[in-house]
Amino acid sequence: MARRLGEMLLEAGLITREQLERALDHQKETGKRIGVCLVELNFITEEELADFLSKKHGVPSINLRHFEIDAAVIRLVPAELCRRFLLIPVSKSGPTLMVAMSDPTDLEAITQVEFATNYSVEPVVAPETMILEAIRKYYGGEHGIDLPRTPTGAAVGLAGEPSFEELIDAELGDEAIEELAEDISLDPESLMKAAEERPIIRLVNKIIYEAVRQEASDIHIEPYEKEMRVRYRIDGVLHPIFSPPIKLRDAIVSRIKVMSRLDIAEKRLPQDGRIKMRLRVEGRMKTLDFRVSVLPTIWGEKVVIRILDPERLFLDMTKLGFEPESLERFERAITKPWGMILVTGPTGSGKTNTLYSAISRLNTTEVNILTAEDPVEFNLFGINQLQVNEAIGLTFAAALRSFLRQDPNIILVGEIRDFETAEIAIKAALTGHLVLSTLHTNDAPSTVTRLMNMGIEPFLVATSVHLIQAQRLVRRICQECKEEVKVPTQTLIEVGFTPEEAKSVKIYKGRGCSRCNNTGYRGRIGLFEVLEFDDDIRDMVLSGASALEIRRVAIEKGMITLRRSGLIKVMNGITTIEEVLRETVK
């Protein structure tokens, strides 16, 4: 943070390079924060620093010396939290707590305060020196406020109610939790009791609520030897959010198991479940599904919760990120009366969203659509959806056999995993049905090789498959802090731009702001590689051509590769070169 703040002030022309180096030396000697050092050395005033941070992060600034904070507000946030993250609560209004911070983009600090208080935090900027003075004034020294205490010695919150983390310790207590940890594998009743404790319920609810509010796609709850970690996957990237006390590990996992109707006494085997909840987010109620996976590890059970928000399912194919030529080819294939369309890509590349968009386009009262999924992620009206359950023998292959007796027009198979499923799907495609499915391959041409490696004859692939589409997801540049950056022409050419494009293209990046949690990215968009089968491609498949040969001919015929799809989005200012390089190869 020290060098980052110093470099930002240097770039803004508020300090010189020599002043920054002197401030860093002063910081090494005193251990104080860089902002305090700059003010103490008279290189910048507190007001200038606060004004700069306010404009930089797009949040208001406050002069704490001219502001008297109510004691009830001070009681909401523990002193240790204020000192650790250099912040102080200022006022509250309804469910919102205004907090003065030296770094209003510190997501961990905001999350910790929200966990501790159960309030939604609205950050404002204040100079570090003023926050330190306020912490000494309200939390320490002879003029500090003497806060009431819980039996554990922790400060209580508003109207005598302990704040969130203190409430956990006050109600469970260290000894009770340690006993619970010892008995947990032997006594399921103790597990259930811990899972139903009010602080644990509030903690798990808060973890889920914050993930939804921050538009995360997954929650990772991970145990290690001496600590526990909660991470959110936001726009495809995992971010550390919170570290609950390790003593609460088993109680947290047990609570999630209770919510998803899993066996809390079973700790040796993986388990999968589902939660349905109604949450009030930004003033309105939302009904969400959560897919839960519990995996035993050497330090305890790791939990991953996939958040299934119907509002984030884009059923309009024009908004997924297709280039016009690729979209035209894809739509032409799905409107054919029979044949197979395959969508490929790694987990989390948006395959399900693309397939749902396709069958939503085809969903009319005149057709019978059946899907076999593992699991069913979203419920779509007018479509008959079946959940695969291999434990009872209901595999994709078994579901497909039953589907063929249900007079289907369109069949969606969640994934082709083995020869049996592939064989039945291809036969269905050859007998008058439109079949859509997914595979895990790196690109569209290599899917042909993958099918043959599974045992499918080349003539069956050539005659049944109409189109193969590979896709990836990349992060969008945040529109609030988007700015142009200079990239050497030679670098652009090496990435894949033509020399003419490299001379004229404008490259953008996100600077980082409060809107995008200082990442420079907000939201995601797809990259698509659409391989349409025509007579030439079919002949190559029949003759046993390699994936590289098929790829070369497909490009000659106008196929846009994943890399080219990404470069087009870079030229349009949608994403960055780094994102494209992360997800594609030349």
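The structure holds 37 salt bridges, a salt bridge being a side-chain nitrogen of Lys or Arg within 4 Å of a carboxyl oxygen of Asp or Glu. This is a predicted model, where local features need pLDDT of at least 70, side-chain atom pairs count only at pLDDT 80 or more, and totals for chains, interfaces and linings use all residues. Residues are numbered from 1 along each chain as its sequence is written, and side-chain values use heavy atoms, with hydrogens and water left out.

**Exercise 1.** Find the salt bridge partner of Glu114 and say where both residues lie.

*Solution.* Start with the contact: Glu114 pairs with Arg213, their closest N and O atoms being 3.1 Å apart. Next, place them: Glu114 is in helix 7 (residues 107-117) and Arg213 in helix 12 (residues 198-213), so the pair links parts of the chain 99 residues apart. Here helices are DSSP runs (H or I, at least four residues), numbered from the N terminus. Finally, widen the view: Glu114, Lys206, Glu210 and Arg213 are linked in a salt bridge network.

**Exercise 2.** Decide whether Glu114 and Arg213 are buried or partly exposed.

*Solution.* Take the cut-offs: buried means under 20% relative accessible area, exposed over 50%, partly exposed in between (1.4 Å probe, protein chains only). Glu114 has 1% relative accessibility, so Glu114 is buried. Arg213 has 29%, so Arg213 is partly exposed.

**Exercise 3.** Do the same for the salt bridge between Arg249 and Asp250.

*Solution.* The N to O distance is 3.2 Å for Arg249 and Asp250. Arg249, at 22% relative accessibility, is partly exposed. Asp250, at 9%, is buried.

Notes. Helix = DSSP H or I, 4+ residues; strand = E, 2+ residues; numbered from the N terminus.
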